[in-house]
Amino acid sequence: MSVKDSLLRSLPSVDELTRASALKEAAVVYSHALVTESARLSIDEARGRLLSGETVDTSESALAGFALEKLKTLSSPSIVRVVNATGIVLHTNLGRAVLCSDAVEAVVLSASNPINLEFDLSTGKRDERDLRVSALINRLTGAEDSCVVNNNAAAVLLTLNTLAEGKEVIISRGELIEIGGSFRLPDVIKKSGCVMKEVGTTNRTHPSDYLNAITPQTALLLKAHTSNYTISGFTSEVSLDELVKIGKSSGIPVVEDLGSGTLVDLQEYGLPYEPVVSERLGSGADIVTFSGDKLLGGPQSGIIAGKRHIMEKIRANPLKRALRPDKLTLSALEATLRLYLNKETLAQKLPVLRAMTKPLEEIEANAVIAADMLKKALPKDFIVEVTDSESVVGGGSLPGRNFATKVIKITHKTIRPDAIYMMFLRASPPVVGRVSGNGFLLDLRTVDRPEDVVVKWG
Ligand SMILES: *Cc1c(COP(=O)(O)O)cnc(C)c1O
């Protein structure tokens with residue numbers, strides 16, 4: 001019998017391993033099923049490695065130790081806090097907007113108590129779940145009516161399906177957007193049951209293009225905000241005002257997918273212009289849709305706002321039931337929207353706006369503090385310096401508008417920047433930076449406490 005065979009035979013049974021002292025202790029904390037599963041995983045893995053010719057410590061204590069590690073992995077949360085040191089304020093992969101503290105409190109309250117979700121306290125009767133939030137949206141946007149769904153993709157889908165199922169939707173070729181995470185406007189139009197009719201060219205679309213495309217089958221004119229790119233050079237776009245004129249003259253509603261949209265003019269905070277929802281409705285758009293977790297700074301949600309007679313049809317669409325948000329979302333959204341009632345305190349209280357308006361001196365001062373701490377925490381051969389860079393807003397907002405920032409740049413003679421990137425991901429909590437050219441960068445625009453990027457490797 002070969003050494004390999006005898007080692008394979010010497011592997012304990014799952015039962016035996018579960019009775020090993022280390023695992024017996026674990027059984028006090030973890031369920032029997034989990035302990036058994038991790039014992040099995042440990043043995044299976046040892047067998048697999050033996051069969052592929054590796055040397056494996058098959059002692060009971062080694063296998064039990066390995067099973068304990070599995071047990072920890074199985075029973076610890078897989079959704080964890082990370083430090084966003086990318087400088088990207090709305091990082092979709094890291095959960096987009098960080099909620100304001102009022103929203104966090106509202107979520108805790110609604111999660112732990114019954115609430116008047118679909119209940120009118122003045123009559124004692126049931127009502128619709130988004131009524132309370134929609135009253136606030138109407139106040140902040142000047143909309144006649146509004147409703148809330150799970151995200152802006154759902155808002156666009158529901159609006160198109162309600163207004164144009166089986167009919168034609170006209171859209172400019174310059175606005176056939178794709179947003180990360182597989183939102184492609186042509187696909188959404190198709191899935192809404194509508195027929196897409198593209199007009200114009202990538203760089204130029206004229207009012208006559210729309211006018212010539214209108215037929216008795218046309219149910220709506222769609223405009224989409226080019227959230228993540230800009231078209232420059234020899235271009236011409238049909239403005240919302242012009243599109244509204246065309247819509248009015250032909251009796252066809254105009255819908256605008258604003259993507260991010262904002263409830264306040266960001267220029268008041270020294271930021272670049274982004275379409276303001278109330279302005280777009282004021283220009284005569286019949287319906288606008290936008291995200292709750294982009295520049296608005298709330299939870300993932302989609303908002304549909306506009307004319308009452310259209311909103312009534314949207315509310316009556318059975319799809320709305322399938323796309324409805326939960327109580328946690330509605331509570332967080334309401335708390336976020338309430339911050340907009342006081343524009344003076346908005347930039348301090350809303351994390352998204354706070355990050356976007358953070359003074360360069362503050363970012364630099366924090367970067368210097370963190371860099372000093374990192375110099376002490378990292379082995380001597382890492383080079384840590386503070387340098388100029390740019391942050392982006394991300395999340396399909398303010399395309400082509402980068403902000404000056406100061407970053408901590410970490411380099412090493414032999415360790416490549418992408419390996420340093422992985423090193424920081426292995427910290428607890430993981431620190432997400434970015435690799436740029438020859439360095440690994442930490443941007444403290446999106447980090448409030450400098451010590452958060454000073455990682456400890458356990
Ligand atoms: C982001 C975006 C969407 C998708 O919004 P979600 O809230 O992520 O579903 C749709 N349209 C535009 C123009 C966008 O920018």
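Student: Which two elements flank the loop that holds Pro429?
Tutor: Quick background: this is a predicted model, where local features need pLDDT of at least 70, side-chain atom pairs count only at pLDDT 80 or more, and totals for chains, interfaces and linings use all residues. Residues are numbered from 1 along each chain as its sequence is written, and side-chain values use heavy atoms, leaving out hydrogens and water. Helices (H or I, at least four residues) and strands (E, at least two) are DSSP runs, numbered from the N terminus. The loop with Pro429 sits between helix 19 (417–425) and strand 15 (431–432).

Student: Is the peptide bond from Ser428 to Pro429 cis or trans?
Tutor: Most peptide bonds are trans. Here, though, omega is near 0 degrees, and the bond from Ser428 to Pro429 is cis.

Student: Is Arg96 buried or exposed?
Tutor: Arg96 is in the loop between strand 1 (83–84) and helix 6 (101–112), and its phi is near 50 degrees, a positive value. Most residues other than glycine have a negative phi. Buried means under 20% relative accessible area, exposed over 50%, partly exposed in between (1.4 Å probe, protein chains only). Because its relative accessibility is 17%, Arg96 counts as buried.

Student: Which residue's backbone nitrogen does the Glu175 side chain reach at 3.0 Å?
Tutor: Start with the setting: Glu175 is in the loop between strand 5 (168–172) and strand 6 (178–179), and at 4% relative accessibility it counts as buried. Beyond four places in sequence, its contacts (heavy atoms within 4.5 Å) include Leu185, Tyr229 and Glu237. The backbone nitrogen that the Glu175 side chain reaches at 3.0 Å belongs to Ala224.

Student: How much of the ligand's accessible area does the protein cover?
Tutor: Polar side-chain atoms come in from Asp257, 2.6 Å from a ligand nitrogen, and from Lys294, 2.7 Å from a ligand oxygen. On its own the ligand has 380 Å² of accessible area (Shrake-Rupley, 1.4 Å probe), and the protein's share of cover is 94%.

Student: Which helix gives the most residues to the largest nonpolar core?
Tutor: A nonpolar core is a set of buried Ala, Val, Leu, Ile, Met, Phe, Trp, Tyr and Cys residues joined through side-chain atoms within 4.5 Å. The largest has 56 residues, with Leu337 and Met356 making the most contacts inside it. With six residues, the biggest contributor to this core is helix 15 (residues 327–339).

Technical notes:
A polar contact is a pair of N or O atoms within 3.5 Å; within protein, one must be able to donate a hydrogen and the other to accept it, and residues adjacent in sequence count only if both atoms are side-chain atoms.
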